[in-house]
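Hello,

Here is the structure I promised to pass on to you. Please open it alongside this email, and then read on for what turned up.

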Amino acid sequence: MRKRFILFALALLIGGQAFAESAAEVTVETLAKSSASWNGTPLPAYASGQPEVSILRIRIAPGATLPMHLHPMINAGVLLSGELTVKTEKGDILRLKAGEAIIEVVDQWHSGVNAGKQPAEILVFYAGVAGQPLSIKR
């Protein structure tokens, strides 16, 4: 019985060490956290209804310009590669480089352009309600 207990304790110790080593390999970096969009506008309250989360990977070719559009819900993203310039109708400008995060403007007309020489790829998370469009083009 004592031998089993020792083996069990040893297994826990070894297992705990393995967990500690793997946990040391995990890091967390906050890319963005805010109650306002990138241009300082406070984010609106979440819409009521059945929540629906969408995650899109958007690729924008070099030289491409996105049409003027707005998002009726809160969304945020991370530019995975390339560069992207976002401009609101009022003239606010944000220049993003790969690895940077954006908390997008809500209900504000804006467009984007990839002025770089490589495709811009952005991963965007939308927090809306079922049936709500992710964006509305002008």
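Below is a short tour, from the whole chain down to two individual residues.

Please keep in mind that this is a predicted model.

**The chain as a whole**

The protein chain has 138 residues, and 28% of them count as buried. Its secondary structure consists of one helix and nine strands. The helix comes at the N-terminal end of the order, and the strands follow it, giving α-β-β-β-β-β-β-β-β-β. If you look at contacts in the chain with a separation of 6 or more, 80% of them are between residues 24 or more positions apart.

**The four-stranded sheet**

In what order do the strands of the open sheet of four lie? The order is β1-β8-β3-β6, and the pairing is antiparallel. β1 (51–60) and β6 are the edge strands with a single partner each, so one side of each has no neighbour in the sheet. On average, neighbouring strands here are turned by 15° against each other, direction ignored.

A good place to start looking is the pair made by β1 and strand β8 (residues 120–129), which run antiparallel and are joined over ten bridges. To find your way along this pair, pick out R57, whose bridge partner in β8 is L123.

**The β4–β5 hairpin**

Strand β4 (residues 83–88) and β5 are also an antiparallel pair, with five bridges between them. They form a hairpin with four residues in between, and G91 in the turn has a positive phi of about 100°. Within the pair, K87 of the chain is found opposite I93 in β5.

Strand β5 (residues 93–97) is worth turning around on the screen, as its side chains alternate. L94 and L96 point to one face and are buried, while I93, R95 and K97 point to the other face and are not buried.

**E104, a buried acid**

Next, please find E104, in the loop between β6 (101–103) and β7 (110–113). What is the nearest side chain of opposite charge to E104? It is K90, 13 Å away; E104 is buried yet has no salt bridge.

E104 does have polar contacts through its side chain. One of 2.9 Å joins it to the side chain of W38, and another of 3.3 Å joins the side chains of E104 and H110. Leaving out residues up to four places away in sequence, the residues that E104 touches include S37, L43, H71, N75, A76 and V86, as well as W38 and H110.

**H69 and its surroundings**

The last stop is H69, which sits in strand β2 (residues 69–70). Is H69 buried or exposed? Its relative accessibility is 9%, so H69 counts as buried.

The side chain of H69 has a polar atom 2.7 Å from the backbone oxygen of P67. A polar contact of 3.3 Å also links the side chains of H69 and H71. H71 is in turn among the residues touched by E104.

H69 also meets residues from elsewhere in the sequence. W109 is 40 residues away from H69 along the chain, but their C-alpha atoms are 5.3 Å apart in space. Not counting residues up to four places away in sequence, H69 touches Q108, W109, H110 and S111, along with S135, I136 and K137. H110 therefore appears in both neighbourhoods, as E104 and H69 each touch H110.

Enjoy exploring the model.

Best wishes

Conventions:
Residues numbered from 1 in each chain as written. Predicted model: local features only at pLDDT ≥ 70, side-chain atom pairs only at ≥ 80, totals over all residues. Heavy atoms only, no water. Helix = DSSP H or I, 4+ residues; strand = E, 2+ residues; numbered from the N terminus. Buried < 20%, exposed > 50% of the residue type's maximum accessible area, 1.4 Å probe, protein only. Lys, Arg positive; Asp, Glu negative; His and termini not counted. Salt bridge = Lys/Arg side-chain N within 4 Å of Asp/Glu carboxyl O. Polar contact = N/O pair within 3.5 Å; in protein donor to acceptor, adjacent residues only side chain to side chain. Contact = heavy atoms within 4.5 Å. Pairing = 2+ DSSP bridges. Axes fitted to C-alpha atoms, helices over the stretch in contact; angles between N-to-C directions.
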